[in-house]
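Let's sit down with a protein model and learn to read its sheets and its pockets, one question at a time.

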Amino acid sequence: MTALGILLLLAALYVLQVVLYDRLWGKGLEVKTSFQEEYATEDDTAALTEVVVNDKFLPLPVVEIDFHMGKGLRFTDEANTAVSDYTYRRDVFALGPRQKITRTLEFRCARRGYYRIDQAGLDVRSLLLTKKYVGSTPQATDFYVLPRLVSTQRIQIPFSQIMGNLTSRKKVYDDPFAFAGLRGYVRGDPMKYINWKATAKTGQLLVNLHESTLSQKVAVVLDLEGLGVQQADLLNEEAVRIACTLCVRLLEAGIKVSAYSNGLDVHSGQPMALPEVSGPGSVLALRKAFACAQAANGLEPIESFFPSGEGQRDENSLLCVLVTRDQRESLARAFAQRAGQREWLQIIPYRDEYEEMPQFGTCLLYTSDAADD
């Protein structure tokens, strides 16, 4: 074969590969990114899976996949990663005919929140690397980073205050007509509560248990005003952890809980509002709600996020808990006025320069009458 013939053959092969790649580069090419778990907790390590499939006989020597997600997720392997307003990732694959490649990427949950990958970009090269093809493929994978729960010791004082108050109120308002079971007699039990029929059957004194006419409910109100200043961001995040931990502890103790915030829900764009929930089975949904609450500037006043109870003296009314970094006395008075005759508790996260982590203080239980003194 002459030199001219070789040149013509090479030219024909080049044109053929261009035509083939122009028509077929995207055929049978599938890319899927997916979080391996639905959720994790702040500071946990989780993983993301990349799957690339070339379901055709045409090889793809270079396939670059790029995507981005919230910068609160940080890849353990920082190669091919850039962090600015988002965490950006670009990975390169070489795919032969009918080949599938799977990679697992570990990341650290650096910040609570809701994260989603909606799209992955494609950058594919032809066999001789002479032509580039650019495209994208839709993705649908999301991930929750739940607020880290504060230690039991740190939350014990406000939790004990709330439980002590609810317990004392419940003892006063037992309903003698609502039977809830039996227990052994202890000194101090009223004689009228002894179940003589059950006592005769078992041979030991048993007393009736009664349901309370007081519906034990707590409303937790979280203030997330302020964003962009390091101190405000730090204390707002601690406020989220405190509010979430308190709600979890209350649910586990059998208390009905509702939660409100002026922070905006990432799904609806509206202030966070979690209607009344109860039982340990509600804990995950509650923690997800707190994960989705965003701090911002110019939010509505936090005192408006609790239904007014002014002038009501209802034993079935809520016990109110305000969690805010705002230490203004005027805010405490405004919240007390909204709570009306309901009892309330204020928890204030603050930063102590001598402590490694944020601290928080609590006000005693008050009613609006006490707050006005």
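What follows is a short dialogue between a learner and a teacher about this predicted model.

Q: How do strands come together in a sheet, and what is the order of the open sheet of four strands?

A: In general, the strands of a sheet pair through backbone hydrogen bonds, either parallel or antiparallel. Here, the four-stranded open sheet has the order E1-E3-E8-E5, and its pairing is antiparallel.

Q: Which are the edge strands there?

A: Look for strands that pair on one side only: they are E1, residues 29-35, and E5, residues 73-75. Neighbouring strands in this sheet are turned by 30 degrees against each other on average, with direction ignored.

Q: How many bridges join E5 to strand E8?

A: Three, and the two strands run antiparallel, with E8 covering residues 99-109. To find the spot on your screen, pick Phe75, which stands opposite Phe107 in E8.

Q: What is the strand order in the open sheet of six strands?

A: Follow E2-E10-E9-E4-E7-E6; the pairing in this sheet is mixed. Its edge strands are E2 (39-41) and E6 (81-83), each pairing on one side only. From one strand to the next, the twist averages 25 degrees.

Q: Over how many bridges do E4 and strand E7 pair?

A: Nine bridges link them in the antiparallel sense, and E7 spans residues 86-95. One pair to look at is Gly70 with its bridge partner in E7, Tyr86.

Q: Which strands does helix H1 touch as it packs on the sheet?

A: Helix H1, residues 3-24, touches E4, E9 and E10 (132-146), and its direction makes about 35 degrees with that of E10. Helix H5, residues 283-291, also packs on the sheet; H5 touches E2, E9 and E10, at about 120 degrees to the direction of E10.

Q: Now the largest pocket: how many residues line it, and which lie nearest its centre?

A: The lining has 25 residues, with Gly70, Lys71, Tyr114, Tyr115 and Gln294 nearest the centre. The space in this pocket is about 770 Å³. You have already met Gly70, as the bridge partner of Tyr86.

Q: Which elements give two or more residues to that lining?

A: They are strands E4 (60-70), E9 (113-125) and E16 (293-294). E9 gives the most, with seven residues.

Q: And what is the lining of the largest pocket by class?

A: Count 11 nonpolar, six polar and eight charged residues.

Methods: Residues numbered from 1 in each chain as written. Predicted model: local features only at pLDDT ≥ 70, side-chain atom pairs only at ≥ 80, totals over all residues. Heavy atoms only, no water. Pairing = 2+ DSSP bridges. Axes fitted to C-alpha atoms, helices over the stretch in contact; angles between N-to-C directions. 1 Å grid on protein atoms, 1.4 Å probe; cavity = no way out; pocket = protein on both sides within 12 Å on 5 of 7 lines; lining within 4 Å. Points joined across faces, edges and corners; volume = space filled by probe spheres on them. Nonpolar A, V, L, I, M, F, W, Y, C, P; charged D, E, K, R; others polar. Contact = heavy atoms within 4.5 Å.
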